[in-house]
Amino acid sequence: MFINSRKIFLFFIMMFLHSQAIIYAQNITKITGINYTGNTHFSGRELTGFINSKEGTVYSPQQFELDQKNIIRIYQENGYMNCRITSSGAEFNFDSSAVTLSVNIDEGKQVLIGEIVLSGNKLYTSAYLKEQMETKTGEVLNALQIGRDMSDIVGLYESKGYTFASVTVEEIEQYFDGGTEKLRLKIKIDENDQVKIDNIVVEGNTETKKEAIVREISLREGNTISRENLLDIKRRLENLGYFERVEQPKIIKYKNSTVLLIKVKEGNTNTFDGILGYVPPSPDEDRGYFTGLINLSIRNLFGTGRKVEARFKKEIKTTQELELRYLEPWLLGYPLNVSFDFLQRIEDSSYIKRKLSLKSDALISKRVTISAIFDFERVIPTVTNSLFTLFDSRLLSAGIEIRYDSRDYVYNPFSGLLYKTGYSAGQKKIYNTSQYPNIDIQRDFTVQKGNVDLDFYYSFFKRQSSLVGLHGIEIRSPRLETSDLFRLGGNNTLRGYREGQFLASRAAWCNVEIRYSLTRRSYAAAFYDFGYYLKPEDDLYNIPAQEGFLYGYGLGIRIETALGMFGVSYALGRGDSILEGKIHFGLINDF
């Protein structure tokens, strides 16, 4: 009978593979249990949790050996420095498919810390450093806790300018004190010298002058620098708004000098936008009219940090507003910013209001600014036969403002606080009271104004941030005219209402936002605003006081465009239906 040789060959190959599979299956040994003896500090379940060899897993002699070393290490970390495993074993069943492991432990006595010895420290006393440490005498030696203590000590030195300070555990030795075994922990501190900056190098500043950057970081060549300084430099430069990106500054040793390297990437500092609207003629009018907004902002003029802003807004046919601003930073090289502001408002063909402001900001510290404010305000009536009289007046006032800013990033903060409070008082003079002999009104009186603003930022999880803003303002005077009152409503106060819809001598409002970051500067938000306003009664014309509680809510988004930061929101006010919401939009400036 003829037998095919290929079939015979395949038959033997299959028989060989089958036998190898049987041998491999016979060599797999599963752990059926682990027995511990001599352990009192840790239970058997706790010890099993420390190792990889567990019931139901494949037995490996090498892994079992590593597990025993790990058990000793954990005992030593808990103060049992003389712990040892006296014996261990593996008992197999008849075909070696299962094994029971056994470990006999001699825990020894728990040894506590008796002394902590510090050496090399000159800036801080040993007593002070020991107070800052979590590791104390009389406690069990904990390696993780010691690691945290050393990091904290390094942080103390870095905060004082000792950037290259190092802390190491020099030795852990055992000794006897009155017959009791204890541990002596020796920690060596190498303070090194404070890092002095010999040179400051700025890279990437194609438009902004180096001098404008150096003056903002509050460091000069020859000054010492710390880790806190490095973090603060990045935050301060980012908050200027000049740069698209600021890298973490670095300290570089070059030959015999120390160099502070700052790398930046210029951003868009000039913004211009315009919005145009057209209102068609009503049945009793021949022509319609245009409304709109023009906004120009230059935040880094000539690369020196000077700022210029111009804004023109026409709300309705007879109401328009023009505003011009200029900021001169670091006047004569001192931490003193001076700004000028001009405002002209033509209000419904009833009056023209012009205001000149001079503001001086003294940079007291990295976060605190105190400002002096001087205002000149002129109100000129344009209608003299109206039902309600507006007087030709002039107001000269002076005030002070205190500002505290700890926000981590001004464009999209995740933490920090912005607090502002101000007070001003001025003398108002009425020029044309003689034209109204039937009206008894003072020609000269005082106008006072106080305001407070508090914005608190907090993040609960990654890419999310929250804002709670509390604001209030009060204006006091024997007589308040329309031009004196605060305008409440709109994008910067209560969303869901027209810009400046409510006039008030006293107002308080709160803004609550839940934000989700899209980019470093952009985010989407859901918000809820609520507030209160009071307009005092007018005895002259028998107009009663007006007050109300308001709220608005909606959704908004802020995105970074080539023109700048653009924000838009849709908000509903009290009693509005879904189609009656207000759209607030425009470029975001931080003048």
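Let's start at the hairpin of strands E20 and E21, where 5 residues sit between the two strands and arginine 463 takes a positive phi near 70°. Keep in mind that you are looking at a predicted model. E20 covers residues 444-458 and E21 covers residues 464-476; the two run antiparallel, with 11 bridges joining them. You can pick out one of the pairings yourself: glutamine 448 has arginine 476 in E21 as its bridge partner.

E21 has another partner too. It runs antiparallel to strand E24 (residues 506-517), and 11 bridges join E21 to that strand. Find leucine 467, and you'll see glutamate 513 of E24 standing opposite. What holds such neighbours together? Strands of a sheet pair through backbone hydrogen bonds, and they can do that either parallel or antiparallel.

For the parallel option, hop back to an earlier part of the chain. Here an open sheet of 3 strands has the order E4-E6-E5, with mixed pairing. Strands E4 (112-119) and E5 (166-177) are the edge strands, each pairing on one side only. On average, neighbouring strands of this sheet are turned by 20° against each other, if you ignore direction. E4 and strand E6 (residues 180-190) run parallel and are joined by 7 bridges. Leucine 112, for instance, has lysine 182 in E6 as its bridge partner.

Now look at what lies against this sheet. Helix H5 (residues 143-159) packs on it, touching E5 and E6, and the direction of H5 makes about 135° with that of E5. Does the length of H5 come out long, short or as expected? At 1.5 Å a residue, its 17 residues should span 24 Å, and the end C-alpha atoms are 25 Å apart, which agrees.

Which residues of H5 are buried? They are Gln145, Ile146, Asp149, Met150, Ile153, Val154, Gly155, Leu156, Tyr157 and Glu158. These buried residues pack against E5 and E6, and also against helix H4 (126-132) and helix H7 (227-240).

Back to loops for a moment, since arginine 463 isn't alone in having a positive phi: serine 96 has one of about 60°, although it is not a glycine. You'll find serine 96 in the loop between strand E2 (84-92) and strand E3 (98-106). Tryptophan 330 is another residue other than glycine with a positive phi, this one near 50°. It is found in the loop between strand E14 (319-328) and strand E15 (336-347). Are these two loop residues buried or exposed? Serine 96 has a relative accessible area of 32%, so it counts as partly exposed. Tryptophan 330 has 12% relative accessibility, so it counts as buried, the cut-off being under 20%.

Finally, zoom out to the whole protein chain, which has 7 helices and 28 strands. Its radius of gyration is 38 Å, while a compact globule of 591 residues would have one near 25 Å. Along the principal axes, the C-alpha trace spans about 125 × 85 × 50 Å. Of the 591 residues, 41% count as buried. The chain exposes about 33,100 Å², and carbon and sulfur atoms supply 56% of that. As for contacts with a separation of 6 or more, 54% of them come from residues 24 or more positions apart.

Terms used: Residues numbered from 1 in each chain as written. Predicted model: local features only at pLDDT ≥ 70, side-chain atom pairs only at ≥ 80, totals over all residues. Heavy atoms only, no water. Pairing = 2+ DSSP bridges. Helix = DSSP H or I, 4+ residues; strand = E, 2+ residues; numbered from the N terminus. Axes fitted to C-alpha atoms, helices over the stretch in contact; angles between N-to-C directions. Contact = heavy atoms within 4.5 Å. Rg over C-alpha atoms; globule rule 2.2 N^0.38 Å. Buried < 20%, exposed > 50% of the residue type's maximum accessible area, 1.4 Å probe, protein only. Areas by Shrake-Rupley, 256 points an atom, 1.4 Å probe, with all protein chains shown as cover. Expected span 1.5 Å × (residues − 1).
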